Structure formats: structure tokens, C-alpha cells
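Please go through the questions below with the model open beside the text.

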Amino acid sequence: MSKVSIALTINDEATEVSFAPHKTLLEVLREDANLTGTKHGCELGECGACAVLVDGKPVLSCLYLGLEAAGRAVTTIEGMADGPVLHPLQDAFADLGAAQCGYCTPGILLTAKALLTERPNPTRAEIREALAGNLCRCTGYLQIFEAVEDAIVRIAAGAAKNEASAQ
Amino acid sequence: MNVVGKPRRRVDGRAKVTGQTRFADDISFPRMLHCRLLRSPLPHANILAIDTSAAAAHPGVRLVLTGQDMPTSYGILPVSQDEHALCTDKVRFVGDPVAAVIALDEDVAQEGVELLRVSYEALRTISDPEEALGIEEPKIQAYGKGNLHKAVSMEFGDVEAGMAAADHVFEDTFFFQGNTHLAIEQHATVAMIDPDGKLVVHSSTQTPHYLHRALSKVLNLPAAHIRVIAAPNGGGFGGKSDPFNHEIVVAKAALVTGRPVKICLNREEVFYCHRGRHPVLMSFKTGVKSDGTITGVHLRTLLDGGAYGSYGVASTLYTGALQTVTYQIPTYRFDGARMFTNKPPCGPKRGHGTPQPRFGQEVQLDKIAVQLGLDPADLRMKQVVEPNSITANFMRIGTIGLKECIQKVVDGSKWRERRGKLGYGRGLGIACSSYLCGAGLPIYWNELPHSGVQLRLDRSGGVTAFCGATEIGQGSDDMLALCVAEVLGIDPFDIRVVTGDTDLGPVDLGSYSSRVTLMMGNAAIQAAERARDLIAISVSKKLNVPRGRLVFSERRVFDAEDPGASVSFRDAVVLGEAEHGTLGTVGSYKPPPSAAKYKSGGVGPSPAYSYTACVLEVEVDPATGWMEIPTIWIAHDIGTSLNPTLVRGQVEGSVYMGLGEALMEEQDFRRLPPKRSGALVHKMPSMLEYKSPTTLEMPDVITYLIENPDGAGPFGAKEVGQGPLLPIMPALANAVFDAVGVRVDEIPVTPEKVLAAMELKRRTGTGRVGPGKFPEVQWPERARVPTPWEGGDGNATNEAPRKRDQRPQTPIAVDPSMEAPPGQAGLRPHTPEVVR
């Protein structure tokens, strides 16, 4: 089958990817862009392991055609850290046991990142609601909630520190 | 302690939050081919012919394999070598793999699969164990009597006398529906030939050692020419513990094509791999005194094994073996049978064979307490097994913190004030459990270590720990680094761990039966102590301090009496290397000999047992039967909590998984109508239909860790990965009774069942939903084993002595005349009430 080529932004880098046109964004990312940090668990939009951000919004990449991503900005787990410095959500997840096997973790981290962008101080109920589409079989979710809440504190502390150093 | 007991980031934490953990399907190689399997559409049929010509001729297809290419059978247990990489003569369940197509990409491979033509001769489908009991022919497997896979019968003490001594005898039947692991990662395997011509297999497996053995057997290659690398598993829970068809198929394909070959199962196929929780029908007959003291238990279990053996013999024995290690049971009879049916094979899921009878026992105890007017917590508390004792079936108990666990959840939940007083629709339920910390005997009986650890230290100060153990998310890599770091006084992050690789690390039997922390941990401590002792010799000379005074801590080695006299850890290693030459040490671990010498006594013994107690609160909507669980209080006897962050995660993860089983998860099947073949098909082989709890269903969990170091565990640690799952299901059923006064003697406890029981109660005065009677089973001759307090020595009186017991045994004090006084440490039988 002949391939199609699209231009898009992946993790803040403009890029072109060629792939068979029936492929999902999940397959394009993993197989054609070699970004294997995005995972798959069910192929039908139930588990949330494949969640990535498209123009900042969480999207289940297994239900999203690669072609639809043309001209858009896609963020995967590989683009979450700032160089070697982990995003506060990543640090909090690692420190507080929110990642056990780590397989659902990329999808949960990106979904949580989108939540905090939209709503910087969510309640526990809002965190539960936002992550309700991401299944995790290891943790029982509680350490994930705590890590998101801890990340909020870390982000605020980081912002205060930046403000102080700017003055 | 340097690191023990301190909550910390696990050593592989960074990899997991950056997406850098390389799971099996993340591994790719140039020129890699892709494999798809053709799976049987029929539940039971003879294969008459397979026409592969069109598939083989399809452009892009490089190889087609059928069962004839790999005729040697295999299986996880030596007694059940009943699987083939691809079916050779018949198919036994919908999803049984029949042929494989290997092609340039996955799509082409699937096109090839669709071009395969198979002629089948359909056979009668056997859909459940009760049906299987009555069908001699057709047989699903060639071995076993009819469709009976395994039946066992054993009696410890005189149960009839136990029942005669009882004031009340309770008889109940329970059913526990099967369910599956549902690890989010789907099984994947990549096989290739490495540059020196040897086979390399990367796989999402919990047991690289057993896969190694199966590959060697089926492919007829020396094991030394095969390297198995267990990729970190994206969740295991027991579902990746068998050697699987697809692993052997891609290994064969790599050997034939000379190219890397990958397979990744889709979710439907993962449901067909299964090896999950056995559906079990149970009958509990329990004699009690009026004060609730148990005088005897007779348990019968009937397991739906599915189409293959898998771990089934062990699963069957596990439905009986651990009933005795929680409460004092002076006389005990266990009959268990596993039937073959035309369904995906069942196997080990978290708790392996023990959650089902645990559910029955804990719910029956609740009924006993209600009937006798006793508090269910008190009933349990007063007959907890004694520490340092031997049970009726010769399980050797070390520490036991169950009383403290019960006390914690009773206090935390305000049980005394709130049970029975929350008003209609709201209730509390209690349940307890215990679990083993690794199996005392290996799958292949031999004298070899169960776990080995090798350490390499060099002048850079670097330490590498090698072990065959497998990281499945539970934190096995972190436990390895922690144990070495604790002994050497360095940080876990200073250590590089190399695990799950049969070429690079000493054998560890795998991540199953809650064995890793205890067995690998003890091996790691031994290796690290040997390294520490070598280094100490050199440092003691340098500092002119006696070796016994040296302390390894905070990346330094110093004199306990003069901490100023010290060298850095790195300099200490340099001193050691200069004196002794290249530094490397090994450690290994083998469990102590078992006291259970009777046949079938190989399942149940463990170096230590963990204990858990739980109180669950439920709100039942009287109109719909819908259940909300606001809070669960759970206390776990962990011995020592090595990394509390991970321990809490295991407790909460177990609670979560138990709640899924309790409320909604079920692997169910249905028959197609006769005009559509009457075949038995999976009701829900997708995540859309197989429901599991989301963030919205997860209750608050109040966790208490009871620390009472057990001498058998590394730094006193016991298991936590499986035990805390066990009490959740019965605690829910008991809480539902407290809330609305009905009994659901069946798992899952669904709203429909609760509603049906409530309706029954309205009509008849009592509400119960559950199975009817236990069917007739032809049990084998019952092994008769005198209990320790009858002077038994662990042998059955009517069995010939077993070969494996010829090795020297540690003497066991089981003669009643040798009984130690209460409270005295050491081995002694617990002293149940005399029932004669």
C-alpha cells in the first residue's frame, strides 16, 4: 500500500512522517516515528494507555487516524520532561509510587498534564473524573491521585521560585 | 538501617515516568518479521487437514508454521506436559492456536492467516465441570480419567470425631466465578538469532527460567544456546507465568527464517491465553463449639480448569492447602478435583487457588458468628493460629501478626460501635486471610537454589547486582538494589541491577507465589555480606581497626567507636580489589525443608506466611442493589516494610483488584444457538465488556502495616503482593449481609444478585443467592495423615514414603510428649481443643 506523508509537530519539533493511510496515530507514533513511550492495551478506546495530547487536549491515539494529526501539535511522554529535568508530575509519580509497572503511566501523565493546564487546582473528585478513562491494574489509583496533588504543590513552588529569581 | 523502612522512589521510577521502560513490544530490530496466529473458531474439534498453500504463496509471507513443525509437548508443570506450540491433532477451546503466518508486516501476516484453510471434525463441547464429571468420551485431554484432570483427597486427624465433638455443624456451598488478570500490557515476544548464532528471546514473561526450559525442550536446542530476556512486564498478576504458544512459535520462526520475528497479541487473544482465576464450586462443612471454636473442617472444591493443565495441579492443591494457616483447625479433610472443559486454560492469578476457599471460609465464619450470637471479629480473634507452630496439615508457621491486624481494622472502622447499627442499606463486613511468601518447593523438584544473586564491584566504586528475577511492576529491581545497598551502606541508586536475563544472571525461578522479595532478597543479602566481609578485611588493615567494629553506612566505612577513622566506600572497594584481586561474590537461597512429607504436601509449605485483616463498608441501594464502597480498612502483617511506598502500593493494588473480583469481574461464556454450531464462546473477550474498576469506583483505603520481623525474610520482610487481595471479596459479601440482611454466596456480588436475594427475603423471610449442592465426585483413596498433636511425622499412614524425602530433614518436634509450654519460642504444635 502506498504511503502518505504529513507534516505535524511532535513534542515541539516540526516533522514529516510517512505511513500507510489507514494507520492510527498510535501506530504512526510507535511504528513510524519510533516513539514507543505511547502504549496500547485494548485497541478500542477503553483503557487509556494510548492517550497523547493533540493541540493540548487528551486524545486516545488508538481511535484517532494518523492523517487527522496533519498540521497539529502532538505531545507524547517523550516530550513531557524539559530536557533532563522531569516535569513535576513525573517527579511526583516516581517519588510517590504512582507508577508500578509503568505501562499505563504515559497515558495517565499526559491526561493529568492536560487537566492541570485547564484547571491548575483540581479537587480530588475532579482528578478522579479526569482520569476515569485511564485504567491502571497495579496501583488502585490512590497513589496516582496523591501524586497529582503533590505535583500541584511542586508546580506552585516552582513558579514561586521562578518569580523570586526574576525579581 | 540505611535504607530499609524509608519511603523512597524505586530505582526504576524514572524510566517508568519517562516512557523509557522497554516493554517487549517496544523492542524492534532491522529486517524484523511479524507473526499472526490462526486460532480455532471451534471449542472442541479434530483437525482433519490444514491447507497452507494460499497463505504461503501470498506476497510478503515468509513462513507458515503448523503443529507438525513443533510436535514436542510442553507445559509449566512436569506432570502436565499437555500443550503444543500449535495444535497438532485437535483444538480444545475457541482461541486455541492452530497455525502461524510470518510476514513482512502485521497486516500481511493477518492476510495470510485469512488464507489458511482448516478442515475440522467438531466434537461434543464440554462447558462446565459438572457436565465434565459425567462425560467419559470425548476426552479433552488424552490423560486423566474421563475429563478429570486431577483429584486429591486427604485427611489430617479424624474429622468425623471433630464433627462429633461439635455443638453445631454448618454446611454451605459457595461459588467463585473465574476472572482474568487484565494486565494492560498485551503479551509480546521478539525472537532472533544473535551474531554468534544463538537464539535470543525477549518476552513479556514473569518466568524466564521456565520459558527457557520449554524452548529448549520443544526446539530441541541446548539450553546454553538459548538466551531468554524477560522484558519488564506491563503488569503480570500471574498471567505471564506459563510458557506460551506464541513465544515458542516466534522462536521457531526466527530459527527457520534467520530474521528477528515479533508477535504482539491483541486484547482478544490475551483473553484466550487467560490462565486466570479458576471458577470453583466449594462445599464447607465446619464443626464448632457453642463459643465458635472450630472442631473440624471438611472442604470440597471442584475447579473448572479449562482445556489444559497449566498450573492446575498446584491450583487444585492450593484450594485446600492454606485453609489451616489462619485459624486453628484441629481436624481437616480436603477433597479437590479439577475438570477439563472446552474453555481457555485457567491458571495462577494473584492469590493462586486461595481466594476462592478464603471467600467460602470467611463468609461461613460470618454465618456461624451470626447464628451463635458472637461478634465475627471476636470469633476470629480467639482462634488465630499460634506463632511458631505447625498446623494440622504440617504447614510450619513462623511469625503471625493477625491479632494485631484484626485489632487495627476493628478500631479504625469503629466496628464495635458501628456494625449492625448503620441502618438498613449500610453495613460493615470483616474478613481475614493469609498467604505464602514463596513456595517451599520448586516446580521441578531438585536440590538447587531457588534464587541466586551475583555481585560485581570494581575500583570505580560501582556495584552491579545480577539476578534472574523479573520486574513485573511489583518492584523486584528495587528490592534487589535495596538489599545490597543496605548491607554495603550505599544508596540503592548507586547500584546497577541486571535482571530477568538467563545469560547474565544466576537463576531465579520467577515472579510468582510472592517469592521474590524473600528468596532473591536473602540471596542478595548473602552476596552483599560476602562482599562486605572481603572489603572489611582490607579496610580493617588500612584503618587498623578490628573488622567487627567496622560500619558500612552513608557511602563510607568507619570505626563504630571512632567514626572519624573512615574511608569512602569507593576507596574501600579499591583497597579490597588491591588485596583480593577482582571482586565478585555470589549468594543463593533455598527454602528450609518442609514438614509436610505426605504426597501433595509439596504445595502450601512456605518459609513464612503473611496475614491480613480487612473491614469493608458498603452502601446498598435497596431499589437497585447497586453497591457503593466508601471505605476499606486493611491491616497487613508485613514483617518488615522494606520500601513503604511500594508496600502501600501493593496493599492498595491488591484491594483494588480484589474489589474488581468482588463486584464485577467475570470471565464468562455462553453457548451459540444450535444452528450456529452450539459452540461455547467467550462472552466478553474485550475490555469493552470485561468491566474493571476505574478511578470512580476506588474507595478510600486506610492501610495499617503491622511490623514484626520474621526470621525467614530479608531484614524480617514478608510478602505483600497477594495476601491483601484475599479478604476483600468475603468482606464485601459480609458487609452486604450487615447492610440488607441477605447472603450472596457467590463471587462476583453483583447488584442483580443482591436484588434477587432481597426479593427472596421479602417473599420467604430468608434471602440467599448461591449455588445448590455439591455434585458427586469419585474421590481417590484418602491419604490419612496423623496431625502433629497426634504424634504424626508429616507422612500419610497409607502412602509409601516418597523419594524426595530421602534428603536429610531437619528434625521436627511433633511428638505431643515433646510439646513446649505456651509462649516458649521454637517449634511446637498449636494446641487445639481435644475433640475426642
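The exchange that follows concerns a predicted model and takes up a sheet and two domains of chain B.

Me: In the open sheet of seven strands of chain B, which are the edge strands?

Reply: The strand order of this sheet in chain B reads E33-E8-E13-E14-E15-E7-E35, with mixed pairing. An edge strand here pairs on one side only, and that holds for E33 (746-747) and E35 (783-785) of chain B.

Me: Which residue in E35(B) does Phe156(B) stand opposite?

Reply: Strand E7 of chain B covers residues 148-156 and pairs with E35(B) in the parallel sense over three bridges. Phe156(B) stands opposite a residue of E35(B), namely Val785(B).

Me: At about what angle to E15(B) does helix H9 of chain B run?

Reply: Helix H9 (residues 312-321) of chain B lies across four strands of chain B, E7, E13 (280-288), E14 (294-304) and E15 (332-339). Relative to E15(B), the direction of helix H9 of chain B is given as about 150°.

Me: How many polar residues are on the side of domain 1 of chain B that touches domain 2 of chain B?

Reply: The centres of the two domains, taken over C-alpha atoms, are separated by 39 Å, while 14 residues of domain 1 of chain B are in contact with 15 residues of domain 2 of chain B. On the domain 1 side, helix H6 (208-219) and strand E11 (226-230) of chain B are the elements that give two or more residues. By class, that side has six nonpolar residues and one charged residue, and its polar residues number seven.

Key: Residues numbered from 1 in each chain as written. Chains lettered and ligands numbered in written order. Predicted model: local features only at pLDDT ≥ 70, side-chain atom pairs only at ≥ 80, totals over all residues. Pairing = 2+ DSSP bridges. Contact = placed C-beta atoms within 7 Å. Axes fitted to C-alpha atoms, helices over the stretch in contact; angles between N-to-C directions. Domains from an automatic or database assignment. Nonpolar A, V, L, I, M, F, W, Y, C, P; charged D, E, K, R; others polar.
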